[in-house]
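Thank you for passing this along for comment. Below are some numbered remarks to be read beside the sequence and the coordinates.

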Amino acid sequence: MQKRILLTSFDTWLTDQQSNSSDDLLIEVTKLQLIPLDLTFLRLLPVDVQQASSLVIEKINAIQPDYIICCGMAASRTRLSVELAASSGESVLHTNVDLEKLVAEAVAIDISHDCGKFVCEGLYYSVLDYLNESQLPARCIFVHVPVLNGENLSGILADFLLIINNLALSSSC
């Protein structure tokens, strides 16, 4: 049975930003027309925790994905970063995806313990909390995407596709 994967990205939040690298990466994925994969895209989420969380939870309920890959921009990073956990106050929630196994074959992916304190962590926490509270079997990860350019695009895209494929083919990630 084909795994359903929901992929999300954010809109820009600064007036001088032409794009958000998380959305740029999802655009590149859509260009590939990965026919055997059941991918749903929820792009250009508002840079607001409540609004973004509501839209993602609404989409989770509508399509019942097996996996959710939330993506956000991390301009200060140079490699993809998969986030281990998100916090809200004193509460910390961890993904139940085996990140070591997920990225074992990757060329340049970091497993991060710092989801930041911006909308990315808020969305990740909200989705993990919703999945736990609702006892849904879906699993969620958050991937921070560096600014994309001609030099790093192919490598980052290849590593991101590895993540998607490992989730799509996995029975144990």
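Two strands are said to pair if DSSP finds at least two bridges between them, and helices (H or I, at least four residues) and strands (E, at least two) are DSSP runs, numbered from the N terminus. This is a predicted model, in which local features need pLDDT of at least 70 and side-chain atom pairs count only at pLDDT 80 or more, while totals for chains, interfaces and linings use all residues. Residues are numbered from 1 along each chain as its sequence is written, and side-chain values use heavy atoms, with hydrogens and water left out.

1. The strand β3. The strands β1 and β3 run parallel and are joined by four bridges, with L7 standing opposite I69 of β3. Between β3 and β8 the pairing is also in the parallel sense, over seven bridges, and here I68 stands opposite C140 of β8. Seven of the seven residues of β3 are buried, where buried means under 20% relative accessible area, exposed means over 50% and partly exposed lies in between (1.4 Å probe, protein chains only). In a regular strand the side chains alternate between the two faces of the sheet. For β3 both faces are covered, with Y67, I69, C71 and M73 buried on one side and I68, C70 and G72 buried on the other.

2. The nonpolar cores. A nonpolar core is taken here as a set of buried Ala, Val, Leu, Ile, Met, Phe, Trp, Tyr and Cys residues joined through side-chain atoms within 4.5 Å. The largest such core has 31 residues, and those with the most contacts inside it are I69, I141, V143, F160 and I164. At least two residues of this core are supplied by each of β1 (4-10), α1 (21-31), β3 (67-73), β4 (80-83), α3 (99-102), β8 and α5, and the largest share, nine residues, comes from α5. Leaving out residues up to four places away in sequence, I69 touches I5, L6, L7, T8, I141, V143, F160, I163, I164 and L167, a contact being heavy atoms within 4.5 Å. Apart from the largest core lies another, of 23 residues, which includes L6, F10, L93 and L123.

3. The helix α5. Helix α5 (residues 153-169) has 17 residues, and from its first C-alpha to its last it reaches 24 Å, close to the 24 Å expected at 1.5 Å a residue, the expected span being 1.5 Å times one less than the number of residues. Its buried residues include I156, L157, F160, I163, I164 and L167, and also the polar or charged D159 and N166.

4. The surroundings of H144. H144 is placed in strand β8 (residues 139-145) and is buried, with a relative accessible area of 4%. Its side chain makes a polar contact with the side chain of E83 at 2.7 Å; a polar contact is a pair of N or O atoms within 3.5 Å, of which, within protein, one must be able to donate a hydrogen and the other to accept it, and residues adjacent in sequence count only if both atoms are side-chain atoms. Beyond its neighbours within four places in sequence, H144 is in contact with residues including G72, R77, R79, E83, C115 and C120.

5. The cysteines. How many disulfides does the structure hold? There are zero disulfides, a disulfide being a pair of cysteine sulfur atoms within 2.5 Å. For C70, the nearest cysteine sulfur is that of C140, 4.1 Å away, and C70 is buried at 0% relative accessibility. For C120, the nearest cysteine sulfur is that of C115, 6.2 Å away, and C120 counts as buried at 6%.

6. The start of α4. V119 lies in helix α4 (residues 119-134) and is buried at 5% relative accessibility. Although V119 and V49 are 70 residues apart along the chain, their C-alpha atoms are separated by 5.3 Å. With residues up to four places away in sequence not counted, V119 touches F10, V47, D48 and V49.

7. The hairpin and the positive phi values. Strand β5 (residues 85-88) and strand β6 (residues 91-94) pair in the antiparallel sense over four bridges, and S87 stands opposite V92 of β6. Their hairpin has two residues between the strands, and in it G89 takes a positive phi near 65°. Most residues other than glycine have a negative phi. Q64, which is not a glycine, nevertheless has a positive phi of about 50°; Q64 is found in the loop between α2 (49-63) and β3 and is partly exposed at 37% relative accessibility. Q135, likewise a residue other than glycine, has a positive phi near 55°; Q135 is in the loop between α4 and β8 and is exposed, with a relative accessible area of 70%.
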